[in-house]
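Biologist: Before I rely on any label attached to this structure, I would like to hear the reasoning behind it. Could we go through the labels one by one?

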Amino acid sequence: MDTSSTLIGLTLFVLFMGPIFYALYRQGLKERKNKKALQNLAKTNNINLDYTEISNSLVLGLDKTQHKLLILEPVNAMQHQIIDLSEVNKTSVIKRSVTFTEKERRKTKIIQVSIELLSKSNHKCITEILFYDEDGADNNDMETQLFAASRWNSLIQTSL
C-alpha cells in the first residue's frame, strides 16, 4: 500500500509540476539565446556593454563610453539597430492610453509604453523603443514595463 500511494503521488507531482518546470527551462533557454545574440552583435561592432536588459520582446544594451545603444528585437527575426547617442537630442517615455466608461465612471487604460529618441539635427523621431503593447504576443505587466522604460530613459539621458 505504501509503495502504490508513493507512486501515485509521484505521478501526480510529475503531471502537475512537469509543465511548469518545462516552461521555466524553455524560458531560460530563450533568455540565454537572446543574451548570446546581444553579446555577439556587440562584439562584431566593437561595443562594450555597460547595461543590458533582456525580455521576451526586447533586448537592449548600452555602452556609456562610446555612447551607443543596441536594440535587438527577438520577435522580429532578431532585427537590430545600433544608435549613436551623440546624434540624439532628447528622449522621453511615451504612454499611449485609451479612455473608456465603466459603470458611469471614466477610466483610462495605458495600452502602449515606449521611449522616443529625437534627433539633434531636425528634432524628428530617430526610433521608438517599444516596451509594452497590450495587443502584443508578450503581455508582460504594464507597470513593470513602465518602470523599465523609465529606468532606460534615465540611463540613455545620462549617456547623451
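Biologist: Where is the place of N46?

Modeller: This is a predicted model, and everything I say rests on that. In it, N46 sits in the loop that runs between α1 (2–44) and β1 (51–54). The phi of N46 is near 55°, a positive value in a residue other than glycine.

Biologist: Why does N46 count as exposed?

Modeller: The cut-off for exposed is over 50% relative accessible area. N46 has 59% relative accessibility, and therefore it counts as exposed.

Biologist: Which loop holds E104, and what makes E104 count as exposed?

Modeller: E104 is placed in the loop between β5 (88–102) and β6 (105–119). Its relative accessibility is 79%, and exposed begins over 50%, so E104 counts as exposed. E104 also has a positive phi, of about 65°, although it is not a glycine.

Biologist: What makes R151 and E53 a salt bridge?

Modeller: The requirement is a side-chain nitrogen of Lys or Arg within 4 Å of a carboxyl oxygen of Asp or Glu. In the pair of R151 and E53, the closest N and O atoms are 2.6 Å apart, so the pair satisfies that limit and is called a salt bridge. R151 belongs to helix α2 (residues 142–159) and E53 to strand β1, so this pair ties together parts that are 98 residues apart in sequence.

Biologist: Is E53 buried or exposed, and how do you know?

Modeller: Buried means under 20% relative accessible area. E53 has a relative accessible area of 18%, so E53 is buried. Its partner R151 has 34% relative accessibility, which lies between the 20% and 50% cut-offs, and therefore R151 counts as partly exposed.

Biologist: How many salt bridges does a search of the whole structure find, and what can bring such side chains together?

Modeller: The search finds 4 salt bridges. Side chains of opposite charge can pair when their charged atoms come close. Another of these bridges joins the side chains of R96 and E128, at 2.7 Å from N to O. Since R96 lies in strand β5 and E128 in strand β7 (residues 125–133), the pair ties together parts that are 32 residues apart in sequence.

Biologist: Why are R96 and E128 called partly exposed?

Modeller: Partly exposed covers the range between buried, under 20%, and exposed, over 50%. R96 has a relative accessible area of 32%, so R96 is partly exposed. For E128 the value is 30%, and therefore E128 is partly exposed as well.

Biologist: What makes E134 and K109 a salt bridge, and which parts does the pair tie together?

Modeller: The side chains of E134 and K109 meet at 2.9 Å, N to O, and the limit is 4 Å, so they form a salt bridge. E134 lies in the loop between β7 and α2, and K109 in strand β6, so the pair ties together parts that are 25 residues apart in sequence. E134 is partly exposed, because its relative accessible area of 24% falls in the intermediate range. K109, at 39% relative accessibility, counts as partly exposed too.

Biologist: Which residues form a nonpolar patch on the surface?

Modeller: F13, V14, I20, F21 and L24 form it, with about 520 Å² of accessible area together. Patch residues need over 30% relative accessible area. F13, in helix α1, has 46% relative accessibility and so counts as partly exposed, a value that passes the patch cut-off of over 30%.

Biologist: What is the second largest pocket like, in space and in lining?

Modeller: About 180 Å³ of space lies in the second largest pocket. It is lined by 12 residues, and the closest to its centre are K30, K33, N34, N56 and P74. By class, the lining has 4 nonpolar, 4 polar and 4 charged residues.

Biologist: What makes L118 count as buried?

Modeller: L118, found in strand β6, has a relative accessible area of 17%, and buried means under 20%, so L118 is buried. The C-alpha atoms of L118 and V75 are separated by 24 Å, with their positions 43 residues apart along the chain.

Methods. Residues numbered from 1 in each chain as written. Predicted model: local features only at pLDDT ≥ 70, side-chain atom pairs only at ≥ 80, totals over all residues. Heavy atoms only, no water. Helix = DSSP H or I, 4+ residues; strand = E, 2+ residues; numbered from the N terminus. Buried < 20%, exposed > 50% of the residue type's maximum accessible area, 1.4 Å probe, protein only. 1 Å grid on protein atoms, 1.4 Å probe; cavity = no way out; pocket = protein on both sides within 12 Å on 5 of 7 lines; lining within 4 Å. Points joined across faces, edges and corners; volume = space filled by probe spheres on them. Nonpolar A, V, L, I, M, F, W, Y, C, P; charged D, E, K, R; others polar. Patch = residues over 30% accessible without salt bridge, like charges linked within 9 Å, V, L, I, M, F, W, Y side chains within 5 Å. Areas by Shrake-Rupley, 256 points an atom, 1.4 Å probe, with all protein chains shown as cover.
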